[in-house]
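Biologist: Before I rely on any of the terms used for this fold, I would like to hear the reasoning behind each of them. Could we go through them one at a time?

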Amino acid sequence: MKIVITGGSGFIGSNLAQYLTGRGHEVVAISRSAGKGHIHAAGYRYVSADTTRSGAWQTELEDASAVINLAGATIFKRWTTRYKQQIYDSRILTTRQVVSALGRNQAITFFSASATGYYGSRADEILTEDKKAGNDFLAGVSRDWEKAARQAAEKGARVVTMRFGVVLGKGGGAMAKMMPAYKFFAG
């Protein structure tokens, strides 16, 4: 099975690519990050592209069985007005470009990342999938991200949105950002 991963050089994408190629799948990782997160495995290919714009990278979706959309600028940077726009655009524009590249009635499953930030800051409220989106910046990004992904259903794709929380793991994810504080007893 051919699987395309946008944001494929990130922490989740590169680990997922390793897992999938290990099970015999063909994986095409598409990302802006040259030299980062590449794996060396049979059936793995890397395509460098700005996925917020249309381009040759979209032809990779033509014969794919699944697309896993993980693209998005890190939230672990200072959120200036300009950077917040980058966070938004990297997710929503990429998702729109993926959807626009899908063929009508293409037998494909479109997995699109989102975030638990969808719910906003709700303190200790128990949250389920049927709860409404929050009102802060990340809630707005997540709401628009999921809305853009659902457009793929109009082309016949099966759409799955995944609301990730904090991702921890060896060699990256939030753990890499948190560990220095804990090593200095400030965590």
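Biologist: What makes β2 and β3 a pair of strands, and in which sense do they run?

Modeller: In this predicted model, strand β2 (residues 26-31) is joined to β3 by 5 bridges, and the two run parallel. Since a pair requires at least two bridges, the 5 bridges found here satisfy the criterion. One position to look at is alanine 29, whose bridge partner in β3 is tyrosine 46.

Biologist: Which elements of the sheet does helix α1 touch, and how is the helix directed relative to β1?

Modeller: Helix α1 (residues 11-21) packs on the sheet with contacts to β1 (2-6), β2, β3, β4 (66-69) and β6, and its direction makes about 170° with that of β1. That angle is taken between N-to-C directions on a scale from 0 to 180 degrees.

Biologist: What is the strand order of the sheet, and why are β3 and β6 called its edge strands?

Modeller: The open sheet is formed by 6 strands in the order β3-β2-β1-β4-β5-β6, with parallel pairing. The edge strands are β3 (44-48) and β6, each of which pairs on one side only. On average, neighbouring strands of this sheet are turned by 20° against each other, direction ignored.

Biologist: How do you know that β5 and β6 pair, and what is the handedness of the connection between them?

Modeller: Strand β5 (residues 109-115) and strand β6 (residues 158-164) share 7 bridges in the parallel sense, where at least two are needed for a pair. Within this pairing, phenylalanine 111 stands opposite valine 160 of β6. From β5 the chain passes through helix α3 (residues 137-150) to β6, and this β-α-β crossover is right-handed. Helix α3 itself lies across β4, β5 and β6, and runs at about 175° to β5.

Biologist: Why is lysine 131 called partly exposed?

Modeller: Its relative accessibility is 29%, and because buried means under 20% and exposed means over 50%, a value in between is called partly exposed. Lysine 131 belongs to the loop between β5 and α3. Leaving aside neighbours within four places in sequence, lysine 131 is in contact with Tyr118, Tyr119, Arg122, Glu125 and Ile126. Between lysine 131 and tyrosine 118, which are 13 residues apart in sequence, the C-alpha to C-alpha distance is 9.5 Å.

Biologist: What makes the meeting of glutamate 125 and arginine 122 a salt bridge?

Modeller: Their side chains meet at 3.2 Å, N to O, and the cut-off for a salt bridge is 4 Å, so the pair qualifies. Glutamate 125 is partly exposed at 35% relative accessible area, and arginine 122 also counts as partly exposed, at 22%.

Biologist: How do you know that arginine 163 and glutamate 146 form a salt bridge, and which parts does the pair tie together?

Modeller: The N to O distance of 2.7 Å falls within the cut-off of 4 Å. Arginine 163 lies in strand β6 and glutamate 146 in helix α3, so the pair ties together parts that are 17 residues apart in sequence. Glutamate 146 counts as buried because its 3% relative accessibility is under 20%, whereas arginine 163, at 24%, counts as partly exposed.

Biologist: Where in the chain are aspartate 63 and lysine 2, and why is one called exposed and the other buried?

Modeller: Their side chains meet in a salt bridge at 2.7 Å, N to O. This pair links distant parts of the chain, with aspartate 63 in the loop between β3 and β4 and lysine 2 in strand β1, 61 residues apart. Aspartate 63 has a relative accessible area of 53% and is therefore exposed, the threshold being over 50%, while lysine 2, at 8%, counts as buried. A search of the whole structure finds 8 salt bridges, and those that share partners join Lys2, Arg45, Glu60 and Asp63 into one network.

Biologist: What makes the phi of asparagine 105 and that of alanine 123 worth a remark?

Modeller: Most residues other than glycine have a negative phi. Asparagine 105, in the loop between α2 (81-101) and β5, has a positive phi of about 55° although it is not a glycine. Alanine 123, in the loop between β5 and α3, likewise has a positive phi of about 55° without being a glycine. Asparagine 105 is exposed, with a relative accessible area of 67%, and alanine 123 is exposed at 77%.

Key: Residues numbered from 1 in each chain as written. Predicted model: local features only at pLDDT ≥ 70, side-chain atom pairs only at ≥ 80, totals over all residues. Heavy atoms only, no water. Helix = DSSP H or I, 4+ residues; strand = E, 2+ residues; numbered from the N terminus. Right-handed = clockwise from strand over helix to strand, strands pointing away. Buried < 20%, exposed > 50% of the residue type's maximum accessible area, 1.4 Å probe, protein only. Contact = heavy atoms within 4.5 Å.
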